[in-house]
Amino acid sequence: MSRRQHVFAAEGLEPEPRELTEKDREIMTSWIAIQGQCLWCLYTDSLWTFATFIQKKKGRTVSLNMCQCPECNSKIRRNTLIKIHNMTMKEFAAKFWDRVFTGEYEKVAWDPFTSRLKRYFDYNQRQIFWDEWRSHKELSLGGWESEDDDDEAYEDYMAYTEEEGPQ
Ligand SMILES: [Zn+2]
């Protein structure tokens with residue numbers, strides 16, 4: 001931390017990030033005002049916290065499209081982060097379970113996901129989430145069970161849903 005940044009910190013302000021180009025600072029200002037949400041762990045914060053950087057000849061610069069969740073490290077497109085945050089629970093649940101049931105189970109960070117699901121959403125909202133799971137399960141169960149590799153994940157998944165699932 002430079003002396004100048006110490007002054008910011010002492011006043012309780014965020015120190016200015018170093019090595020940002022002028023354009024990056026503009027992006028930072030606009031991204032700080034926009035909320036994003038991670039599909040896989042429900043981490044929710046300003047878009048800027050998801051920013052990634054590309055190495056260029058003259059140093060690094062913010063990637064406009066590809067972001068990364070600071071908590072579960074999943075790579076997520078900027079537009080997806082914004083869309084997820086703005087979705088209704090019904091829309092979110094449909095997207096989430098589509099992705100899980102088509103082979104992206106491994107991406108889900110279940111512990112933070114379930115704790116945030118409880119913290120951010122009331123009982124009725126959570127029921128919408130699990131109702132969507134039920135309808136996906138009815139459609140997809142056969143396909144999932146027929147693949148050996150998925151058996152273990154499926155068992156974990158069932159154990160998990162018995163604990164946290166619909167009452
Ligand atoms: Zn995440």
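Me: Over how many bridges do strand 3 and strand 4 pair, and in which sense?
Reply: Strand 3 and strand 4 share five bridges, in the antiparallel sense. Two strands are said to pair if DSSP finds at least two bridges between them, so five bridges pass that test. One word of care: this is a predicted model, where local features need pLDDT of at least 70 and side-chain atom pairs count only at pLDDT 80 or more, while totals for chains, interfaces and linings use all residues. Residues are numbered from 1 along each chain as its sequence is written.

Me: What makes up the secondary structure of the protein?
Reply: There are seven helices and five strands. Both are DSSP runs numbered from the N terminus: a helix is H or I over at least four residues, and a strand is E over at least two. Reading from the N terminus, the order is α-α-β-β-β-β-β-α-α-α-α-α.

Me: Which residues can I look at to see strand 3 pairing with strand 4?
Reply: Try Ile54, which stands opposite Thr61 in strand 4. Lys56 also has a bridge partner in strand 4, namely Gly59. A hairpin connects strand 3 to strand 4 through two residues.

Me: How do you know that strand 4 joins strand 5 as well, and how many bridges are there?
Reply: Three bridges join strand 4 (residues 59-68) to strand 5, and the two run antiparallel. Because pairing takes at least two bridges, three are enough. In this pairing, Cys67 has Ile76 of strand 5 as its bridge partner, and Met66 stands opposite Arg77 in strand 5.

Me: In what order do the three strands form the sheet?
Reply: The order is 3-4-5, in an open sheet with antiparallel pairing. Its edge strands are strand 3 (51-56) and strand 5 (75-77), each of which pairs on one side only. From one strand to the next, the twist averages 60 degrees; such angles run from 0 to 180 degrees between N-to-C directions, with axes fitted to C-alpha atoms (for helices, over the stretch in contact).

Me: Which strands does helix 3 touch when it packs on the sheet?
Reply: Helix 3 (residues 78-86) touches strand 4 and strand 5, and its direction makes about 80 degrees with that of strand 5. Contact here means that the C-beta atoms of two residues, placed from the backbone, lie within 7 Å.

Me: Why does Leu42 count as buried?
Reply: Leu42 has 24 C-beta neighbours inside 10 Å. The rule counts other C-beta atoms within 10 Å, all placed from the backbone: 20 or more is buried, 12 or fewer is exposed, and in between is partly exposed. Therefore 24 makes Leu42 buried. Leu42 sits in the loop between strand 1 (35-37) and strand 2 (44-46), and it has a positive phi of about 65 degrees although it is not a glycine.

Me: And what makes Asn73 buried or exposed?
Reply: Asn73 has 11 other C-beta atoms within 10 Å, so it is exposed. Its place is the loop between strand 4 and strand 5, a hairpin with six residues between the strands. The phi of Asn73 is positive too, near 70 degrees, in a residue other than glycine.

Me: Why is Lys90 called partly exposed?
Reply: Lys90 has 13 C-beta neighbours inside 10 Å, a count that lies between the two limits, so it is partly exposed. Lys90 belongs to helix 4 (residues 89-104). The C-alpha atoms of Lys90 and Asp131 are separated by 9.2 Å, with the two residues 41 apart along the chain.

Me: How many residues does the largest nonpolar core have?
Reply: It has 23 residues, and Cys38 and Cys69 have the most contacts inside it. The name fits a set of buried Ala, Val, Leu, Ile, Met, Phe, Trp, Tyr and Cys residues joined through C-beta atoms within 7 Å. Strand 4, helix 3 and helix 4 each supply at least two residues of this core, and the largest share, six residues, comes from helix 4.

Me: Which residues does Cys69 touch?
Reply: Leaving aside residues up to four places away in sequence, Cys69 touches Cys38, Trp40, Cys41, Tyr43, Phe50, Ser74 and Ile76.
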